[in-house]
Amino acid sequence: MGRPLNDLTGYTEAIAGFATGVVVLTVRDGRDDLGATVTSFMSVSLEPPMVLAGVTSTSYLAEVLARRDRWAATVLSAGQRALAGRFAASGRPGARLLLASEPHHRGASSDALIADGGVAAVECETRQRIEAGDHTLFVAEVLAAEHLGRRREPLIRVNRRYMGG
């Protein structure tokens, strides 16, 4: 039987054991490009194709996504652990600098940066924003999808570590 939730330690330990894929979410904000590593990402609908991304509500990325509806999500491959770490670091520079040494392109539908070494990428347009605790959930319609590397293994995060490859 589970213990009462007196503090968040039990919850965070339980959730850390849930394996998730790793995504870099990017958005163009005028002349700047922003991005962050996200593990709260999932498909929610096939017709129309829709995804959901969870972003910390107090983050600058959430602020930008509140005013910019189009963005991209790159599903990272096992060989992109360093890239995931760069996009997860606090005080990180803009996405263009983080991707400078990586092959990448701009999505035609979102104008957001997409890392070429990933497994797949989707370009999205936000349809709904939902406040959920300390996160904002962005429900978005998929405008375009790319299979970047069918034979690449995905990067997985479980027990606070990246796995794969």
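Trainee: Does Leu8 count as buried or exposed?
Mentor: The model is a predicted one, and Leu8 has a relative accessibility of 57% in it. The threshold for the exposed class is over 50%. Leu8 therefore counts as exposed.

Trainee: Which residues form a nonpolar patch on the surface?
Mentor: One member, Leu8, is placed in the segment before α1 (9–16). The patch has about 320 Å² of accessible area, counted for its members together. Its members are Leu8, Tyr11 and Ile15.

Trainee: Which element of the chain has the lowest mean pLDDT?
Mentor: For the chain, the mean pLDDT is 91, and 95% of the residues reach 70 or more. Among the elements, the highest mean, 98, belongs to strand β6 (residues 70–75). The lowest mean, 79, belongs to α1.

Trainee: What is the order of the strands in the open sheet of three strands?
Mentor: The pairing in this sheet is antiparallel. β1 (20–21) and β12 (161–163) each have a single partner strand, so one side of each lacks a neighbour in the sheet and both stand at the edges. The order is β1-β11-β12.

Trainee: Which residue stands opposite Arg157 in β12?
Mentor: Strand β11 (residues 156–158) runs antiparallel to β12 and is joined to it by three bridges. In this pairing, the residue of β12 that stands opposite Arg157 is Tyr162.

Trainee: What is the phi of Arg160 in the loop between β11 and β12?
Mentor: Most residues other than glycine have a negative phi. In the loop between β11 and β12, Asn159 departs from this with a positive phi of about 55°, although it is not a glycine. Asn159 is partly exposed at 48% relative accessibility, and Arg160 is partly exposed at 45%. Arg160, also not a glycine, has a positive phi of about 65°.

Trainee: Which two residues does a cis peptide bond join?
Mentor: Most peptide bonds are trans. Here one partner of the cis bond, Pro48, is found in the loop between β4 (41–46) and β5 (49–56). Omega is about -5° for this bond, which joins Glu47 and Pro48.

Trainee: How many salt bridges does the structure hold?
Mentor: Side chains of opposite charge can pair when their charged atoms come close. One such pair is Asp29 with Arg67, where the closest N and O atoms are 2.6 Å apart. In total, the number of salt bridges in the structure is eleven.

Trainee: Why does the pair of Asp29 and Arg67 tie together parts of the chain, and how many residues apart are these in sequence?
Mentor: Asp29 is buried, with a relative accessible area of 13%, whereas Arg67 is partly exposed at 45% relative accessibility. Asp29 belongs to strand β2 (residues 23–29) and Arg67 to helix α2 (residues 60–67), so their salt bridge ties together parts whose separation in sequence is 38 residues.

Trainee: Which residues are linked with Arg67 in a network of salt bridges?
Mentor: Arg67 also meets Glu63 in a salt bridge, at 3.5 Å from N to O. Both residues lie in helix α2, four residues apart, about one turn of the helix. Glu63 counts as partly exposed, at 45% relative accessibility. In the network, Arg67 is linked with Asp29, Glu63 and Arg68.

Trainee: Which strands hold Glu141 and Arg127?
Mentor: The side chains of Glu141 and Arg127 meet in a salt bridge, with 3.1 Å from N to O. The pair ties together parts 14 residues apart in sequence, because Glu141 lies in strand β10 (residues 135–147) and Arg127 in strand β9. Glu141 is partly exposed, with a relative accessible area of 23%, and Arg127 is partly exposed at 45% relative accessibility. The strands asked for are thus β10 and β9.

Trainee: With which residues is Glu131 in contact, leaving aside its neighbours within four places in sequence?
Mentor: Glu131 is found in strand β9 (residues 120–132) and is exposed, with a relative accessible area of 59%. Its C-alpha atom is separated by 9.6 Å from that of Gly54, 77 residues apart along the chain. With those neighbours left aside, the contacts of Glu131 are Ser57 and Thr136.

Terms used. Residues are numbered from 1 along each chain as its sequence is written. This is a predicted model: local features need pLDDT of at least 70, side-chain atom pairs count only at pLDDT 80 or more; totals for chains, interfaces and linings use all residues. Side-chain values use heavy atoms; hydrogens and water are left out. Two strands pair if DSSP finds at least two bridges between them. Helices (H or I, at least four residues) and strands (E, at least two) are DSSP runs, numbered from the N terminus. Patches are made of residues with over 30% relative accessible area and no salt bridge: like charges are joined within 9 Å, nonpolar side chains (Val, Leu, Ile, Met, Phe, Trp, Tyr) within 5 Å. Accessible areas come from the Shrake-Rupley method with a 1.4 Å probe; for residues, only the protein chains shown count as cover. A salt bridge is a side-chain nitrogen of Lys or Arg within 4 Å of a carboxyl oxygen of Asp or Glu. Buried means under 20% relative accessible area, exposed over 50%, partly exposed in between (1.4 Å probe, protein chains only). pLDDT is the predictor's confidence in each residue, from 0 to 100. Contact means heavy atoms within 4.5 Å.
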